[in-house]
Amino acid sequence: MKKRGKSLSTEISIVAEKFLERISNKDLFVVSHFDTDGITSASIMIKTLKHLDKTFSLKIVKSLDESFISSLPKDKVILFLDLASGSLHHIEKLGLKDVFIIDHHEVVYNIPENVHIVNPELLEDKQKISSSCLTYLFCREISDNMEDLAKLALIGMIGDTLEKEIGKINHGILNDGKIKKRRGPLIYPSTRPLNKVLEFSSNPYIPGVTGNAEGVIELLRDAGIKPLNNRYKSLIELTEDEMSNLVTAIMLRNPLSKNKEIIGDIFLVSLFNKFEDAREISAIINACSRLGEPETAIQFCLELQGAKKKAESLYIKYKQLLLSSLKFVTETEKIEEEGFVIINARDNVKDTIVGTITSILANSSLYEDGTIITTMAIDDTKERIKVSSRSVGKVGRNVREVLSTAVEEIGGEVGGHEFAAGCLIPLEKEQEFIESLKKTLKIEFVKV
Ligand SMILES: [Mn+2]
């Protein structure tokens, strides 16, 4: 596809102007993705449309497929956030008239004439930026006084694990809203008492400290950090000296770790009038959505009364669900052969967390580098299976290609990339898929 030479801001202002014109005399229907980036994008858009006194309908979806797109109202302006770049062929075929897309996923098909799209993938000066940031920049263009929404843009970046790119986006986002930044060790969350946070820290894993309350006290003593009235400071309450002593103490226990991996930017955002760790806010939003309550996630982003309590209790439930699902997949009988593992969890693992579970397994030390782990879970329609594959250590075969080959005859669209991919297959093809996947993995293994 030919790249456009324009800058991102020029693209945004052209599309924004068109958008204002179209919604001035037509109804609007917004469709957004259910992950943190999609939820924050939708929340930014909702606030902006309210500012503009524009009514609209909203739908949050796990993914786009042909039947969903065909159900969209043809007489309305449709705005897709954080998705649709891979569905342009369906949009064209189904004859949607007025379509706007703000997204950062790969653009696979030609762009139909009636589709207006903001996507850095189309530009020569391509940058890694979340849909939430794109939506924020777009909304800043169509309305005034949007600065308070910058924090949501930042949370979306973190949700899409683009935190390392945050410093590179030069659109003033970090200066706009109530955002604080501090350099320090990337242990999490930074707003809770250090002893607890260190004890449960798995990333980074600190030998002798993670899971060891006495080791934690010793480390803090070495760093010269003492409790006050029996309470330890949180990471962000530390003085510069305490912070650097803490980094040294952690590194001494973990000689393999490099300074640059342990230290990074910690972002704090003000939500419900309190500064919170942006990583934790992102995790709370993600939890609500994956438990099937994206509306709570949005209410939480909009700082509506009652939403904080609800969202936090879903977050606790989600963490428990992750633990019980992990216990299930580690203990259940699996198909294990050289180079691959297949776990058919059926309805014992929720389809929305099967990707997370597979990633945790792939990042654990349970399997050798290059092993392909595939987990299957029945989704809530009870008619489909969500399949998720990862390659351990991010080396070896391209899992997206493996899955594509395996579903060739069964049918199903594979999304993702070389080390992490997924797809949906019909439930009645369960056994056929397992056989086909085994065959593919064995052939691939011989080739390697
Ligand atoms: Mn995204």
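**Exercise 1. Helix H6**

How many of the 10 residues of helix H6 (residues 150-159) are buried?

*Solution.* Keep in mind that this is a predicted model.
- Step 1: take the cut-off, under which a residue is buried if 20 or more other C-beta atoms lie within 10 Å of its own.
- Step 2: go along the helix; the buried residues of H6 include Ala150, Lys151, Leu152 and Gly159.
- Step 3: the count comes to 10 of 10, and H6 is mostly covered.
- Step 4: look just past the helix, where H6 is followed by Thr161, with a positive phi near 45°.

**Exercise 2. The sheet and its edges**

Find the order of the strands in the open sheet that 6 strands form, and then work out why one side of E9 and of E13 is left without a neighbour.

*Solution.*
- Step 1: the order reads E9-E10-E11-E12-E14-E13, with mixed pairing.
- Step 2: strand E9 (335-337) and strand E13 (414-416) stand at the edges with a single partner strand each, so each has one side without a neighbour in the sheet.
- Step 3: ignoring direction, neighbouring strands of this sheet are turned by 15° against each other on average.
- Step 4: now add helix H15 (residues 354-363), which packs on the sheet and touches E11, E12 and E14. The direction of H15 makes about 25° with that of E12.

**Exercise 3. Strand E12 and its partners**

Describe how E12 is joined to E11 and to E14, and decide whether E12 is largely enclosed.

*Solution.*
- Step 1: strand E11 (residues 372-378) runs antiparallel to E12, and 7 bridges join them. Thr374 stands opposite Ser389, while Ala377 has Lys386 as its bridge partner.
- Step 2: E11 and E12 form a hairpin with 5 residues between them, and Lys382 in the turn has a positive phi of about 60°.
- Step 3: on to strand E14 (residues 420-426), which is antiparallel to E12 and joined to it by 7 bridges. Here Arg384 has Pro426 as its bridge partner.
- Step 4: 7 of the 8 residues of E12 (residues 384-391) are buried, so this strand is largely enclosed by the rest of the structure.

**Exercise 4. A helix pair**

Classify the packing of helix H2 (residues 36-51) against helix H13 (residues 294-301).

*Solution.*
- Step 1: the axes of H2 and H13 come within 9 Å and cross at roughly 55°.
- Step 2: the two helices are therefore oblique to each other.
- Step 3: their crossing is right-handed.
- Step 4: among the residues making the contact are Ile39 and Ser43 of H2, and Pro294 and Cys301 of H13.

How values were computed
Residues are numbered from 1 along each chain as its sequence is written. This is a predicted model: local features need pLDDT of at least 70, side-chain atom pairs count only at pLDDT 80 or more; totals for chains, interfaces and linings use all residues. A residue is buried if 20 or more other C-beta atoms lie within 10 Å of its own, exposed if 12 or fewer, and partly exposed in between; C-beta atoms are placed from the backbone. Helices (H or I, at least four residues) and strands (E, at least two) are DSSP runs, numbered from the N terminus. Two strands pair if DSSP finds at least two bridges between them. Axes are lines fitted to C-alpha atoms, for helices over the stretch in contact, and angles run from 0 to 180 degrees between N-to-C directions. Angles under 35 degrees count as roughly parallel, over 145 as roughly antiparallel, 65 to 115 as roughly perpendicular and the rest as oblique. A crossing is left-handed if the near helix is turned anticlockwise from the far one by less than a right angle, and right-handed if clockwise. Two residues are in contact if their C-beta atoms, placed from the backbone, lie within 7 Å.
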